[in-house]
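Work through these exercises with the sequence and the model open side by side. Try each task before reading its solution.

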Amino acid sequence: TIYDIVLQNGAIWCSTTNGFLLKSEDIGITWSKFLPADIPDTVDYKFPYHNYHGQCVDVYGDTLWVGTFLGMNSSFDGGETCTNYSWPLDGSDPESDQMPGNFITAVEHKVVDGKTYVWVASHPYYWNGNTLGKYGLCVTSDNGQTWEYKKDLDYTNAAYNFAFGHSGASDARISDSTVYATTESGLIVSYDLGDNW
């Protein structure tokens, strides 16, 4: 299943449950599987390999963000190295860094005043009786070193996608700080980078 697609500098990137990412550099004529070195090239279906299942992707410059069944992955060197952010397997709440987890349904970036904000929609993942993560919208502005949940949600209004406002919009309320999110129960919007909805 292909869940997400990004076009960037002539390349097409797709997140796929059949192997993290697919990439085409010739407008879709040929495709190659794109896997970080620490993810196996075969499906095992045991929990540690659920990072194989790509749900969403965002690509800009040499930066890749890929959401999977095992949290969020980032690369800042075109995919040569990759860091995974995921909820502890014992189900404990990582209050220190509030990472998204563990089932990621959307990732999008927005540059505001020269700073890049990466927005993530997360759902919990249930494994061996543990709840890994929570429903909500979270954001990082320091390349994943810290995360902040901007909106707690539940299964009745789980989030699936983002869109952003821009300066110069015809409505004065819309600006670079405007964030839209689609949910099970409708569209929600923040005009101040997620502080209020």
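**Exercise 1. A charged pair**

Which residue forms a salt bridge with Glu 25, and how many Å apart are the closest N and O atoms? Then classify both partners as buried or exposed.

*Solution.*
- Step 1. Keep in mind that this is a predicted model.
- Step 2. The partner of Glu 25 is Lys 23, and the closest N and O atoms are 3.9 Å apart. The cut-off for a salt bridge is within 4 Å, so the pair counts.
- Step 3. Glu 25 has a relative accessible area of 64%, so this residue is exposed.
- Step 4. Lys 23 has 18% relative accessibility. Buried means under 20%, so Lys 23 is buried.

**Exercise 2. The surroundings of Lys 23**

Find the strand that holds Lys 23. Then list the residues in contact with Lys 23, leaving aside neighbours within four places in sequence.

*Solution.*
- Step 1. Lys 23 lies in strand 3, residues 20–24.
- Step 2. Two groups of contacts appear in the list. Ala 11, Ile 12 and Trp 13 are among the contacts of Lys 23. Thr 30, Trp 31 and Ser 32 complete the list.

**Exercise 3. A bridge across 18 residues**

Locate both ends of the salt bridge between Asp 152 and Lys 134, and classify how exposed each one is.

*Solution.*
- Step 1. The N to O distance in this salt bridge is 3.4 Å.
- Step 2. The two residues sit in distant parts of the chain, 18 residues apart. Asp 152 belongs to strand 14 (residues 148–152). Lys 134 is in the loop between strand 12 (130–132) and strand 13 (136–140).
- Step 3. Asp 152 reaches 52% relative accessibility and counts as exposed. Lys 134 has a relative accessible area of 25%, so this residue is partly exposed.

**Exercise 4. A network**

Describe the salt bridge between Asp 195 and Lys 150. Which residues are linked with these two in a network of salt bridges?

*Solution.*
- Step 1. The side chains of Asp 195 and Lys 150 meet at 2.7 Å, N to O.
- Step 2. The pair spans distant parts of the chain, 45 residues apart. Asp 195 is in the segment after strand 17 (186–190), and Lys 150 is in strand 14.
- Step 3. Asp 195 is exposed at 53% relative accessibility, whereas Lys 150 is buried at 16%.
- Step 4. Glu 148 joins Lys 150 and Asp 195 in the network.
- Step 5. For the overall tally, the structure holds 6 salt bridges.

**Exercise 5. A hairpin**

How do strand 9 and strand 10 run, and how many bridges join them? Inspect the turn as well.

*Solution.*
- Step 1. Strand 9 (residues 103–112) and strand 10 (residues 115–123) run antiparallel, joined by 9 bridges.
- Step 2. Check one partner: Ala 106 is bridged to Ala 121 in strand 10.
- Step 3. The two strands form a hairpin with 2 residues between them. In the turn, Asp 113 has a positive phi of about 55 degrees.

**Exercise 6. The whole protein**

Why does the protein agree with a compact globule in its radius of gyration? Add the strand count and the buried share.

*Solution.*
- Step 1. With 197 residues, a compact globule would have a radius of gyration near 16 Å. The protein has 16 Å, so the two agree.
- Step 2. The secondary structure comes to 0 helices and 17 strands.
- Step 3. Of the 197 residues, 47% count as buried.

Technical notes: Residues numbered from 1 in each chain as written. Predicted model: local features only at pLDDT ≥ 70, side-chain atom pairs only at ≥ 80, totals over all residues. Heavy atoms only, no water. Buried < 20%, exposed > 50% of the residue type's maximum accessible area, 1.4 Å probe, protein only. Helix = DSSP H or I, 4+ residues; strand = E, 2+ residues; numbered from the N terminus. Contact = heavy atoms within 4.5 Å. Pairing = 2+ DSSP bridges. Rg over C-alpha atoms; globule rule 2.2 N^0.38 Å.
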